[in-house]
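User: I've got this one open on my screen and would like to talk it through. Can you take my questions one at a time?

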Amino acid sequence: MAEDNADDWWRNAVVYEVYPRSFNDANGDGEGDFRGIIDKLDYLHDLGVDALWLTPFYPSPLADGGYDVADYCGVDPRFGTLQQFANLVAGAHERGIRVIIDIVPNHTSDKHPWFTKALHSAPGSKERNRYIFHVGRGEHGEQPPTNWLSNFGGSAWEPCGDGWYYLHSFAKEQPDLNWDNPQVRQDFLDILRFWCERGVDGFRIDVSHGLVKDLKEPLRDRPDPTLMSPQAADGSDPVWDRDGVHEVYRQWRELLDRYSPVKYAVGESWTPFTPRVYQYARQDELGSIFDFSLQKAAWDRDDYRKIIERTSECATAAGSAPVWVLGNHDVPRLASRIGLPKGTDVEHWVTSNGTDPGIDPAQAERRARADALLMLGLPGTAFIYQGDELGLPEDLDLQPADLQDPIWERSGHRFKGRDGCRVPLPWNSDSVSFGFSQSGHPWLPQPAWYARYAVSNQERLPGSMLNLYRAAIAARRRWIRPGDEAEWLADGEYAEYGLGWRVSSGLEVLVNFSSDHAIRLPENATVMLNSRPEITDCANNQVPPETAVWYFRGTLASRSKENR
Ligand code: GLC
């Protein structure tokens, strides 16, 4: 790996999220595994990414896709062994790719020995004190202790049967840990150290704004219990984004900074994206956080502009870099979602009653292509969710019997949940399970229309989404530098439909959000990348609707000379 810039590599990196269960199955059991990932490291290298983020691969009953961890220092046999993990890290490092893993500190699995012991111990015991147990309300404890709700639906309190309850902010198989307990803090420092010593380059912190709860008696109800994020971004919520969480990450940072190069960390915080949440991105804390605003936004020029401005300002003020994300394993896929009409609830439109959300697939694909050039054209860290580089749409065809996400059950079968973005990847249009698994039985069924998106097809087509991503990542490496800031182009140059910015190399990015108006490029523009495969150059210097271009003023040759 390049040693220059070793501590700051992430500030301009492209990170690829691998959801191991759905990436590539080498042992033929229908679920992806470490050997499968190792077999595709060259694919990731050719794509040009700087790092992989592996979502949880720890031993787990999979009540929530592995975010219910039963052993933080192990590997679930379905994915492989610790030795194979070591091989994966070594193989990635040989190719200059760093490895980031997921840490889940808010809750464990209910099958974690800590929890099984706690359940079988007396109220008030030290075993129970690792978690959040409380007596219920009412004469016999027949009511949950507070109105707090699980993010997956229903009460966040599960009765133990004796008038006591335990807290689970997600599924009931995911009991929340008690971060007021110094033992819990120590355990996680040990877990981080364990993986640092196995060569990982950084961590993605699950539900990073959770952890500390206000457990002062009497426990308080939340004003609106349905929201996972705090209503007021001021630390007053009893469950989310409490001031005390910062102390935890300051301790973590001390540990992570002891390594050379220092270990990276990025927090998953579903809070309002105000300067307050960026406190987690301070350099003596996690160092960076995801900003999910673009992922939640409809295709709208003014909204995008506000988000890009705010994200960049907040990240800079925290001494961090913006983290851009358009898709992940928790939300419907970009290539469908971006076609939704403005105002649709981005996370909850995949309902069980099959209502047509009003997506025009061709339009959604155009926008997804433009979005790829938009995100990769922004300075900062860009996260790509596996399969988004293929333009995979959301799989809306999954049947109730196929669904595995706890959201399906806990929402009383209203929302199908997140399985539609977790369907195993299509590698080869002509092979069984599209090359994902020799078993022919992937853990989630792949729809027949996946063939069109298979890597084997896209590699042959110069204008495919995959080739667009490859070209953009390669160009980004050359033309966007660490520490770059996007400088908006003057309004007159892109009129009301577009967004345009320039970075220090002189590269300009122009995105036309309009669905019916073209935008003029500057007279002397030399277009380097264009999101529309059917348009080989921008005829008459026009950027067509729902298209993004990367260009220079003047000739590319003169730029190359300057940049040498
Ligand atoms: C995060 C994960 C999600 C999981 C939840 C609970 O939001 O990304 O997949 O269900 O945390 O761990």
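What follows is a short round of questions and answers on this predicted model.

User: Let's start with the ligand. Which residues come nearest to the ligand?
Analyst: There are 14 residues around the ligand. Five of them come nearest, and you can pick them out by name: D64, H107, D206, E268 and D330.

User: How far is the side chain of D64 from an oxygen atom of the ligand?
Analyst: Let's take the acidic neighbours in turn. For E268, an N or O atom of the side chain sits 2.7 Å from a ligand oxygen, and for D206 a polar side-chain atom is 2.8 Å from one. As for D64, its side-chain N or O atom and a ligand oxygen are separated by 2.6 Å.

User: How much of the ligand's accessible area does the protein cover?
Analyst: On its own, the ligand has 310 Å² of accessible area. With the protein in place, the share that gets covered is 98%.

User: And how many residues in the shell around the ligand are charged?
Analyst: Sort the shell by class and you get 4 nonpolar and 3 polar residues. The charged class adds D64, D206 and E268, among others, and its count is 7.

User: On to the sheet. Why do β11 and β15 each have one side without a neighbour?
Analyst: The open sheet has 5 strands with antiparallel pairing, in the order β11-β12-β13-β17-β15. β11 (487-488) and β15 (525-530) stand at the edges, so one side of each lacks a neighbour, because each has a single partner strand.

User: Which residue in β17 is the bridge partner of L510?
Analyst: Strand β13 covers residues 508-512 and runs antiparallel to β17, residues 547-553. The two are joined by 5 bridges. In β17, the partner of L510 is V549.

User: What angle does helix α13 make with β15?
Analyst: Two helices are worth a look here. Helix α10 (residues 361-376) lies across β12, β13, β15 and β17, at about 40 degrees to β17. Helix α13 (residues 465-479) packs on the sheet too, touching β15 and β17. Its direction makes an angle with that of β15 of about 130 degrees.

User: Last one, on the backbone. Where is L211, with its positive phi?
Analyst: L211 isn't a glycine, yet its phi is positive, about 65 degrees. P218, which follows a cis peptide bond from E217 with omega near -10 degrees, is found in the loop between β7 and α6. L211 lies in the loop between β7 and α6.

Notes. Residues numbered from 1 in each chain as written. Predicted model: local features only at pLDDT ≥ 70, side-chain atom pairs only at ≥ 80, totals over all residues. Heavy atoms only, no water. Near = heavy atom within 4 Å. Polar contact = N/O pair within 3.5 Å; in protein donor to acceptor, adjacent residues only side chain to side chain. Areas by Shrake-Rupley, 256 points an atom, 1.4 Å probe, with all protein chains shown as cover. Nonpolar A, V, L, I, M, F, W, Y, C, P; charged D, E, K, R; others polar. Pairing = 2+ DSSP bridges. Helix = DSSP H or I, 4+ residues; strand = E, 2+ residues; numbered from the N terminus. Contact = heavy atoms within 4.5 Å. Axes fitted to C-alpha atoms, helices over the stretch in contact; angles between N-to-C directions.
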